[in-house]
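Me: Please take a close look at one part of this model and describe it in detail. Then set that part against what lies around it.

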Amino acid sequence: MSPTRIVRSILWVAVMFSAFGAASVLRAAEEAPANPTIPATTPGAAPKVDSGDNAWMLVSSALVLMMTGPGLALFYSGLVRKKNVLSVMMQCLFLMCLMTVIWALYGFGLSFGRDPRFMVVDKETKKESPAYQSWFGYIGDAKYYLFMDHVAPTWDESAQTSVMDNFRSPVDGAAMTVPTASFMLFQCMFFIITPALICGAFAERMKFSTMVVFMILWGTLIYCPLAHWVWGGGVLSYGSKYAKGIFSGGALDFAGGTVVHISSGVSALICALMLGKRLGYGKTAMPPHNLTYTAIGAAMLWVGWFGFNAGSAGNAGALASGAFMVTHFCAAAGGLTWAGLEWIFRGKPSVLGACSGLVAGLVCITPASGFVTPMYALAMGVAVACVCYTACTLVKAYFGYDDSLDAFGIHGVGGTLGALLTGVFATRVAGGVTLEGHTADKLGLIDGSTSVMWAQIVAVIITWILAAVGTFIILKILDAVMGLRVSREAEMEGLDVSQHDEEGYIFI
Amino acid sequence: MKKVEAIIRHFKLDDVKQALTERGISGMTVSEVRGFGRQKGHTEMYRGTEYEVDFVPKIKIEIVIPDSKLQMVLDTIMGAAQTGQVGDGKMFVYDLTDAIRIRTGESGADAI
């Protein structure tokens, strides 16, 4: 190892853990309470765990993890050339490890840290007081869950009982029937797959080291705030006290149309634009090297998505069944429509077309899955396949950007359409809005209300701006500090050998 | 001795192998190859992007035979591999200096 390489390695590690260090300082600044406090919105009502709900949340968490690896890893790696197959798989697998560690250290707190509406009860004095300082709905109170504090059930020696802190819906404060650990794990899997989706845009050319730092910063600075705004009771949460004025009462996002798909898709577009095209893009053939992987990956994404959407119900009740159903229907309609369009316009339906269509359908239904009825889900599948088909073929060709694996064309465009269609088709009949005082709300345009539509538009615009500007700034800095792309030689040789000293296929 | 290299269609391999073994040819080497001649390639389409695939997959059979069997082998392959369409392939005939069986050290016609 040359001295410059050693220095660079140290720098990377320093950057990787700078955020971790900052969080530690925050924690040190907090005065340790004299007595452990048990938070309770309604004192005396001990939160109960429902074993059925908890079983479903644990299974859902595993399903969502399966979406990244092997689902997305296979889906993406089949689409690249064979000299880059491992690099894409490595990005997915590495992010499973990296994002989990960030989530465990401070990510969950930044996203879902309690807001000051929650009261804590002091054990000795039985006095209630708002325990956490205000963060104005823009960022979670990272201190509360820092280093998995208050997440795992702990044994209380004096009371001879297990103290369990159920996660409470930040929107209405109702206790969920699963332990906080289950909710934390479920959300952790979202934190993994969202950056992994971006990998599709810079595949075959980004430096692995830069990608690692980019994802740490992206997860911390873009995902965590956004998750807090939308799901953590922040400014974009439906019914949240912060979602006033321009935020129009907050947007509906059942399972991550804005947080996951728009944020990753738009960031993917910025990545594709800033990294530039792959060498020889448009001149040399870059066909997918193994569409069988892609087909397997797409099928695994479909299955995993049931955890993603139906799991977002937070329990194993009727809402989960409804979300499961519309998810399935929308994916089916999407795959059918995309393949059908190819059949009409190109003469033959293709495997990649069917895969792309079903994933586009899944993306589109994600924000809407708890809020729409089955027939509208079919309509959304048809609509998103038409729009994403156009984005991936005509629009991409017209503007000439190299979004290698269409992360923007499917997740950015499909997510945006899904968020907007949620404003059209959302209905209280579907049962997704269970907030106290809100269950009788009219929701989408078909329900006869325009307020949700406005909130959806605002949320889409804000998410686009945050993702685009944030990604742009992070990439600008990393470009100056580390460089974004591998060298020309390394790119021609393939990232498997140049970045990892490995080859995907060795038959002799 | 001669060496015959025959480039044929994938789905003709079994026919050719059967016809040759029936006529007493006891060994051959097969490999998957890509190339183009008059058939040229075809077009593939991935998410709206068209690619010209110039190199068409074919099967290459290599057979080593005594001079006396050359015409019979060429006729047999012709008969078995022909469809009459462009893309049936080609045969190349080489003069061969020697052949040696590694196990015994036999050489020439004995080694085939």
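Reply: The account below starts with the strands of chain B, passes to the contact with chain A, and ends with selected places in chain A.

Residues are numbered from 1 along each chain as its sequence is written, with chains lettered from A and ligands numbered from 1 in the order in which they are written. The model is predicted, and local features need pLDDT of at least 70, side-chain atom pairs count only at pLDDT 80 or more, and totals for chains, interfaces and linings use all residues.

In chain B, 4 strands make an open antiparallel sheet in the order 2-5-1-6; strands (E, at least two residues) and helices (H or I, at least four) are DSSP runs numbered from the N terminus, and two strands pair if DSSP finds at least two bridges between them. Strand 2 (29–35) and strand 6 (90–95) of chain B are the edge strands, and because each has a single partner strand, one side of each is left without a neighbour in the sheet. On average, and with direction ignored, neighbouring strands of this sheet are turned by 25° against each other; the angles run from 0 to 180 degrees between N-to-C directions of axes fitted to C-alpha atoms, for helices over the stretch in contact.

Strand 1 (residues 2–8) and strand 5 (residues 56–65) of chain B run antiparallel and are joined by 7 bridges. B:Lys3 has B:Val64 of strand 5 of chain B as its bridge partner. Helix 2 (residues 70–81) of chain B packs on this sheet, where it touches strand 1, strand 5 and strand 6 of chain B, and its direction makes about 5° with that of strand 1 of chain B.

Another pairing in chain B is that of strand 3 with strand 4 (residues 49–53), which is antiparallel and extends over 5 bridges; B:Met45 is bridged there to B:Glu50 of strand 4 of chain B. The hairpin of these two strands has 2 residues between the strands, and B:Arg47 in this hairpin takes a positive phi near 45°.

Strand 3 leads on to the partner chain. In total, 6 residues of chain B are in contact with 11 residues of chain A, contact being counted when the C-beta atoms, placed from the backbone, lie within 7 Å. Strand 3 (residues 42–46) of chain B gives the most to the side of chain B that touches chain A, with 3 residues. That side divides into 3 nonpolar, 1 polar and 2 charged residues, where Ala, Val, Leu, Ile, Met, Phe, Trp, Tyr, Cys and Pro are nonpolar, Asp, Glu, Lys and Arg charged, and the others, Gly among them, polar.

Chain A, on the other side of this contact, has 15 helices and 7 strands. Two of its helix pairs can be described in some detail. Helix 8 (residues 291–310) and helix 9 (residues 318–346) of chain A pack at about 140° with axes 9 Å apart, which means that helix 8 of chain A is oblique to helix 9 of chain A. The contact is made by residues including A:Trp302, A:Trp305 and A:Phe306 of helix 8 of chain A and A:Ala320, A:Phe324 and A:Thr327 of helix 9 of chain A. By class, the residues of this contact are 8 nonpolar, 2 polar and no charged.

Helix 3 (residues 85–112) and helix 6 (residues 208–230) of chain A pack at about 40°, with their axes 10 Å apart, and this angle therefore makes helix 3 of chain A oblique to helix 6 of chain A as well; oblique covers what is left when under 35 degrees is roughly parallel, over 145 roughly antiparallel and 65 to 115 roughly perpendicular. Among the residues in this contact are A:Leu95, A:Leu98 and A:Met99 of helix 3 of chain A, and A:Met215, A:Ile216 and A:Gly219 of helix 6 of chain A. The contact of helix 3 with helix 6 of chain A has 12 nonpolar, 6 polar and no charged residues.

The backbone of chain A also merits attention in places. Most residues other than glycine have a negative phi, and most peptide bonds are trans. A:Gly69 and A:Pro70, however, are joined by a cis peptide bond with omega of about 5°, and A:Pro70 lies in helix 2 (residues 51–77) of chain A. A:Asp406, which is not a glycine, has a positive phi of about 60° and lies in the loop between helix 11 (374–399) and helix 12 (407–425) of chain A. For A:Asp501, phi is likewise positive, near 55°, and the residue is placed in the segment after helix 15 (495–500) of chain A.

How values were computed: Two residues are in contact if their C-beta atoms, placed from the backbone, lie within 7 Å.
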